[in-house]
Amino acid sequence: MLSSQILKYIFVGSANTAFGLIIIYSIQIIFSTTPYQSNFFGYLLCNVISFATQGSLTFKTELTSHSLLRYLFITSLLWALNIGVLRFFLELGVNPYLSQFAAVAAYASLGFILHKYFTFSSHRF
């Protein structure tokens, strides 16, 4: 069960991540925004899709207002991690596009665990 869920998370997340990186890079190129600005707007747009697809396809849960609140909380924590990783690599002088990729990888890896055991869990905290 867990391995099939991880595979679904990777598949759905990869599609969403690819779409998100296209959005982030496009915003950064078209509007000449900073990596932080493009990252913010890209995540803002993609999180709506991610909530729906990960909740219904990966974790097979009913999407409720309660799961949405949990999702927003976890996503905020993950985005803070994302920005920390992005900043870390940018300050090391790493290319902004590779820095974005590293930040996305950190976000996605921890995201599976937090969404599985908190956001879309049937346990109520």
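A crossing of two helices is called right-handed if the near helix is turned clockwise from the far one by less than a right angle. In the predicted model described here, the crossing of helix 3 and helix 4 is right-handed. The axes of these two helices come within 8 Å and cross at roughly 150°. Angles over 145 degrees count as roughly antiparallel, and helix 3 and helix 4 are therefore roughly antiparallel to each other. The residues that form the contact of helix 3 with helix 4 comprise 19 nonpolar, 8 polar and 1 charged.

Helix 4 also packs against helix 2, which spans residues 35-58. Here the angle is about 40°, and the axes lie 11 Å apart. Because an angle of this kind falls outside the ranges for roughly parallel, roughly perpendicular and roughly antiparallel, helix 2 is oblique to helix 4. The crossing of helix 2 and helix 4 is right-handed. On the side of helix 2, the residues that take part are P35, S38, N39, Y43 and N47; on the side of helix 4, they are P96, Q100, V104 and Y107. By character, the residues of this contact divide into 5 nonpolar and 4 polar, with no charged residue.

The interior of the model was examined next. In soluble globular proteins, nonpolar side chains tend to be buried together. The largest nonpolar core of the model has 7 residues, namely L21, I24, Y43, I74, L78, V104 and Y107. Two or more residues of this core come from each of helix 1 (2-30), helix 3 (65-91) and helix 4 (96-119). Apart from this core lies another, of 6 residues, including F51, F59, F112 and F120.

Among the members of the largest core, V104 is also one of the helix 4 residues that meet helix 2. When neighbours within four places in sequence are left aside, V104 is in contact with T17, L21, Y43 and N82. Of these partners, L21 and Y43 belong to the largest core as well.

A further residue considered individually was S50, which lies in helix 2. Its relative accessible area is 12%. Since buried means under 20% relative accessible area, S50 is buried. With neighbours within four places in sequence again left aside, S50 is in contact with N16, G55 and Y71.

Note on methods: Residues are numbered from 1 along each chain as its sequence is written. This is a predicted model: local features need pLDDT of at least 70, side-chain atom pairs count only at pLDDT 80 or more; totals for chains, interfaces and linings use all residues. Side-chain values use heavy atoms; hydrogens and water are left out. A nonpolar core is a set of buried Ala, Val, Leu, Ile, Met, Phe, Trp, Tyr and Cys residues joined through side-chain atoms within 4.5 Å. Buried means under 20% relative accessible area, exposed over 50%, partly exposed in between (1.4 Å probe, protein chains only). Contact means heavy atoms within 4.5 Å. Axes are lines fitted to C-alpha atoms, for helices over the stretch in contact, and angles run from 0 to 180 degrees between N-to-C directions. Angles under 35 degrees count as roughly parallel, over 145 as roughly antiparallel, 65 to 115 as roughly perpendicular and the rest as oblique. Ala, Val, Leu, Ile, Met, Phe, Trp, Tyr, Cys and Pro count as nonpolar, Asp, Glu, Lys and Arg as charged, and the others, Gly among them, as polar.
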